Amino acid sequence: MKKTILLLPLILLLLGSCKKDDETDNQQPTFESVTVNGTEMLTVDENIVKNGDALTFKITVKDNIELSELSVEVHEAGDGHEHERVKKAGEALAFGPKIYDVSGTSEQTIEVKVSDKLDNEVTDYHLNLTLLDKESNRSTTIQTFEIQ
């Protein structure tokens, strides 16, 4: 009986430490939704934004255990990607990279306002998104949109 009483705390300690190993986060965080001015980018092939409009992205992210940060960058896509330029309306658009804190365990939506009123070069642009969780698991997506 004495041996059982002495072994019980040891068994509980071992069981508790095994559970922590099972909680290791090896899953990548996910992009649930990415919109540009209200249009879903992840499912639409052609994303068009007009000069004179605002430029706002809404990015919804999720992780199974703990989110960490989201990096957002916008730059011209015409750097060797064979995009033809139609005309120039202004300077090329550039934003970021800007880091947003998305710590937490639940789905989160981040709104990124790049411009109140666009007056930028008419061409294709890339929205580069990189999402990290607390264990440094990474997800990246590059979405293309066009300013007309």
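Two rings of Phe, Tyr or Trp count as a pair here if their centres lie within 6.5 Å; planes under 30 degrees apart make the pair stacked, and planes over 60 make it edge-to-face. With that in hand, start at the aromatic cluster of this predicted model, which is made up of Phe 57, Tyr 125 and Phe 145.

The structure holds 2 aromatic pairs. In one of them, Phe 57 meets Phe 145 edge-to-face, with 5.5 Å from centre to centre and 65° between the planes. Along the chain these two residues are 88 residues apart, with Phe 57 sitting in strand β4 and Phe 145 in strand β9. Both Phe 57 and Phe 145 are buried. Now look at Tyr 125 and Phe 145: their ring centres are 5.8 Å apart and their planes make an angle of 25°, so this pair is stacked. Tyr 125 belongs to strand β8 and Phe 145 to strand β9, so the pair ties together parts that are 20 residues apart in sequence. How buried is Tyr 125? Its relative accessible area is 0%, while Phe 145 has 1%. Since buried means under 20% relative accessible area, Tyr 125 and Phe 145 both qualify.

Next, zoom out to the core. Nonpolar side chains tend to be buried together in soluble globular proteins. The largest nonpolar core of this model has 27 residues, and Phe 57, Ile 59, Leu 70 and Phe 145 are the ones with the most contacts inside it. Which elements give two or more residues to this core? They are β1 (30–36), β4 (55–62), β5 (67–76), β6, β7 (108–115), β8 (124–133) and β9. Leu 70 is a handy place to click: leaving out residues up to four places away in sequence, Leu 70 touches Phe 31, Ile 59, Lys 98, Ile 99, Tyr 100, Val 102, Ile 110, Leu 129, Thr 130 and Leu 131.

One of the contributors to that core, β1, is mostly covered, with 5 of its 7 residues buried. Strand β1 runs antiparallel to β4, and 6 bridges join the two. Strand β1 is also antiparallel to β2 (residues 39–40), this time through 2 bridges. Thr 35 is a good residue for seeing both pairings: Thr 35 stands opposite Lys 58 in β4, and its bridge partner in β2 is Glu 40. The hairpin of β1 and β2 has 2 residues between the strands, and Asn 37 takes a positive phi near 50° there.

Then there's the open sheet. Its 5 strands come in the order β3-β9-β8-β5-β6, with mixed pairing. The edges are β3 (48–49) and β6 (95–104), each of which pairs on one side only. What is the sense of the pairing between β3 and β9? Strand β3 and strand β9 (residues 138–147) are parallel, over 2 bridges, and Ile 48 stands opposite Glu 146 in β9. As for what holds such strands together, the strands of a sheet pair through backbone hydrogen bonds, either parallel or antiparallel.

Finally, a word on confidence. The protein averages a pLDDT of 84, and 77% of the residues score at least 70. Among its elements, β4 has the highest mean pLDDT, at 97, and helix α1 (residues 2–22) the lowest, at 56. Strand β4 is also where Phe 57 of the aromatic cluster lies, which brings us back to where we started.

Terms used. Residues are numbered from 1 along each chain as its sequence is written. This is a predicted model: local features need pLDDT of at least 70, side-chain atom pairs count only at pLDDT 80 or more; totals for chains, interfaces and linings use all residues. Side-chain values use heavy atoms; hydrogens and water are left out. Two strands pair if DSSP finds at least two bridges between them. Helices (H or I, at least four residues) and strands (E, at least two) are DSSP runs, numbered from the N terminus. A nonpolar core is a set of buried Ala, Val, Leu, Ile, Met, Phe, Trp, Tyr and Cys residues joined through side-chain atoms within 4.5 Å. Buried means under 20% relative accessible area, exposed over 50%, partly exposed in between (1.4 Å probe, protein chains only). Contact means heavy atoms within 4.5 Å. pLDDT is the predictor's confidence in each residue, from 0 to 100. Rings of Phe, Tyr and Trp (its six-membered ring) pair if their centres lie within 6.5 Å; planes under 30 degrees apart count as stacked, over 60 as edge-to-face and the rest as tilted.
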